[in-house]
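Student: I should like to learn how to read the features of a structure such as this one. May we go through them in turn?

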Amino acid sequence: MALSLTVNGQHYSLDVELDTPLLWVLRDELNLKGTKFGCGAGLCGACTVHVNGQPTRSCSTPVEYLDGAEITTIEGLSENGELHPLQKAWVAEGVPQCGYCQSGQIMTAAHFLANTSSPSREDIVTAMSGNLCRCGTYSRIVAAVESVVDGVGHFEPEQEEV
């Protein structure tokens, strides 16, 4: 059956089995490899994307429920080829270890920050608690999110020396 999706601002008409998880449509049909397969049961958060602005586990979401949906993946989080402030913070704080869970972590954090203006550390920990990291970089993840909240100078473009 034909399915209509808007992914990262681009419209797609796809002919896929309706019980196909969104993750496989993104990865196999649209060649968007940033979203990862983790547990396959929607428990670890590695596959998190935004569907109509809400964080969604793409590994356990059949596309039959998504006709006409707007989806944002890690590839679509930033604009104009610039890294999103969270992506810059992730680099500045040295968050990625194996990197496998990072796209889901960033997508969860992006939704959280878009809906929470002045979160406490506890708020951040709670918001991120549904995403698992096998490398245990939780303290760095919290530091990265806090640096975006605080506007710490991780995001200023480097000045060229004259």
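Tutor: Let us begin with a term for exposure: a residue counts as buried under 20% relative accessible area, as exposed over 50%, and as partly exposed in between. Y100 has a relative accessible area of 34%, and is therefore partly exposed. Please keep in mind that this is a predicted model.

Student: Where does Y100 lie, and which residues join Y100 in a nonpolar surface patch?

Tutor: Y100 is found in the loop between α3 (85-92) and α4 (102-115). Together with W24 and F37, Y100 makes a nonpolar surface patch of about 250 Å².

Student: What is the mean pLDDT of the protein chain, and where does pLDDT stay under 50?

Tutor: The chain has a mean pLDDT of 91, with 93% of its residues at 70 or more. The stretch under 50 is residues 153-162, for which the model has nine contacts beyond four places in sequence.

Student: How should the side chains of a strand be read, and which residues of β1 point to each face?

Tutor: In a regular strand, side chains alternate between the two faces of the sheet. Along β1, the buried face carries L3, L5 and V7, whereas A2, S4 and T6 point to the other face and are not buried.

Student: Which strands does β1 pair with, and in what sense, parallel or antiparallel?

Tutor: β1 runs antiparallel to β2, to which six bridges join it. Within this pairing, L5 has Y12 of β2 as its bridge partner. β1 also runs parallel to β5, with two bridges between them; here T6 of β1 is partnered by E70 in β5.

Student: Which residues take a positive phi in the hairpins?

Tutor: The hairpin of β1 and β2 has two residues between its strands, and N8 takes a positive phi near 55 degrees there. β3 and β4 also form a hairpin with two residues between them, where N52 in the turn has a positive phi of about 50 degrees. The strands of that second hairpin pair in the antiparallel sense over four bridges, and H50 stands opposite P55 in β4.

Student: Let us turn to helix α1. Which of its residues are buried, and what covers them?

Tutor: In α1, residues 22-29, the buried ones are L22, L23, V25, L26 and R27. Their cover includes the strands β1 (2-7), β2 (10-15), β3 (48-51) and β5 (70-72). Just after this helix, N31 takes a positive phi of about 60 degrees.

Student: How are salt bridges to be read, and how many are counted here?

Tutor: Side chains of opposite charge can pair when their charged atoms come close. The rule applied requires a side-chain nitrogen of Lys or Arg within 4 Å of a carboxyl oxygen of Asp or Glu; by it, the count is two salt bridges. One of them joins the side chains of E82 and K88, at 3.8 Å from N to O. E82 is partly exposed, at 48% relative accessibility, and K88 is also partly exposed, at 24%.

Student: What of the salt bridge formed by E146, and why does it tie together separate parts of the sequence?

Tutor: E146 forms a salt bridge with R121, and their closest N and O atoms are 2.6 Å apart. E146 belongs to helix α6 (residues 138-150) and R121 to helix α5 (residues 121-128), so the pair ties together parts that are 25 residues apart in sequence. At 18% relative accessibility, E146 counts as buried.

How values were computed
Residues are numbered from 1 along each chain as its sequence is written. This is a predicted model: local features need pLDDT of at least 70, side-chain atom pairs count only at pLDDT 80 or more; totals for chains, interfaces and linings use all residues. Side-chain values use heavy atoms; hydrogens and water are left out. Patches are made of residues with over 30% relative accessible area and no salt bridge: like charges are joined within 9 Å, nonpolar side chains (Val, Leu, Ile, Met, Phe, Trp, Tyr) within 5 Å. Accessible areas come from the Shrake-Rupley method with a 1.4 Å probe; for residues, only the protein chains shown count as cover. Buried means under 20% relative accessible area, exposed over 50%, partly exposed in between (1.4 Å probe, protein chains only). pLDDT is the predictor's confidence in each residue, from 0 to 100. Contact means heavy atoms within 4.5 Å. Two strands pair if DSSP finds at least two bridges between them.
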